[in-house]
Amino acid sequence: MKTRFAPDRGLSSRMVITSFLLGLLYVGFVALLIALTKSAVLAVVIAGGALFAQYWFSDRIALYAMGGRIVTPEEAPQLHGAIDRLCALADMPKPRVAVADVDMPNAFATGRNPKNAVVCVTTGIMRRLDNDELEGVLSHELSHVAHRDVAVMTIASFLGVLAGLITRFGLYGGLGRGNRDQNAALVVLTIIAVSILVYAISFLLTRALSRYRELAADRAGAMLTGRPSALASALTKISGDIARIPSRDLRQAQAFNAFFFAPAISGKAGASLSSLFSTHPSLEVRLDRLGTLSRQLGEQA
């Protein structure tokens, strides 16, 4: 899909490399499952079924988990109007528009392809941002759709999810039976160990891709609107307000951090245990990049 969003070769190459590495990991993981379970059918059903469900129903799963619902232009005229303008400016199909009745200010895009994409915003973000800031956030999310990195992230995160499920299954379902059969116990322990390793590798690969795609979306979105300062202002507001959201609410939303506009963490974005494990670059890095872009575009203060 060609749009007027600025292409990003760095993002494209990283998506290809990450997908290739995860693909190799995935094939090896399935091969090991076949060898250890002695059932190719079982391994393929487990892996293929989980991948299909996550890919095909990603938009519905995300909306359901966040309590989002599709809204009509009559229900949210300002939101639809902003997305209409940006889609016309970008020359791209309009995604479905959703709203989540959540106080935490945030937004995300999901969907397996541009034709099935959804852009969802929270009521909290709409209350806090002015029109220019909201358009900056929406252009950021639409760039994710145009660059197709939403689908790539959905697939990329699948292997970690599968490995985690198998680890849990082995811990809670298989080890009890292994006490009666040493060979069965050894098989279960091997599967758990490999699953943990696969989860760790896929975790690091998807986090690295996630950080880069956020910078790419910041740049593409700001270039589309021509107002990097509006996006920077939105980032500053949202990050500051998220820090004041109750910790319990943040923990409930953290599963979606890789898809959020700003991570649901207390404190500065990216300032968690290590930048290696964060889904987003730090707030300082994002603001610095936007400031540089603003100077390059000659944006008026």
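**Burial and salt bridges in a predicted model**

Trainee: What makes Arg-286 count as buried?

Mentor: In this predicted model, Arg-286 has a relative accessibility of 1%, and because buried means under 20%, Arg-286 counts as buried.

Trainee: Why is the contact between Arg-286 and Glu-214 called a salt bridge?

Mentor: The N to O distance between the two side chains is 4.0 Å, and since the definition asks for a side-chain nitrogen of Lys or Arg within 4 Å of a carboxyl oxygen of Asp or Glu, the pair is called a salt bridge. This pair links distant parts of the chain, with Arg-286 in helix H11 and Glu-214 in helix H8, 72 residues apart. Salt bridges that share partners join both residues with Asp-149, Arg-213 and Asp-218 into one network.

Trainee: How do you know that Arg-213 forms a salt bridge with Glu-214, and why are Arg-213 and Glu-214 called buried?

Mentor: The closest N and O atoms of Arg-213 and Glu-214 are 3.8 Å apart, which meets the limit of 4 Å. Arg-213 has a relative accessible area of 1% and Glu-214 one of 0%, so each value falls under the 20% limit for buried.

Trainee: Why is Lys-94 called partly exposed, and what is its salt-bridge partner?

Mentor: Lys-94 has a relative accessible area of 35%, and because partly exposed lies between the 20% and 50% limits, that term applies to Lys-94. Its partner is Asp-84, with the closest N and O atoms 2.9 Å apart, and Asp-84 is likewise partly exposed, at 38%.

Technical notes. Residues numbered from 1 in each chain as written. Predicted model: local features only at pLDDT ≥ 70, side-chain atom pairs only at ≥ 80, totals over all residues. Heavy atoms only, no water. Buried < 20%, exposed > 50% of the residue type's maximum accessible area, 1.4 Å probe, protein only. Helix = DSSP H or I, 4+ residues; strand = E, 2+ residues; numbered from the N terminus.
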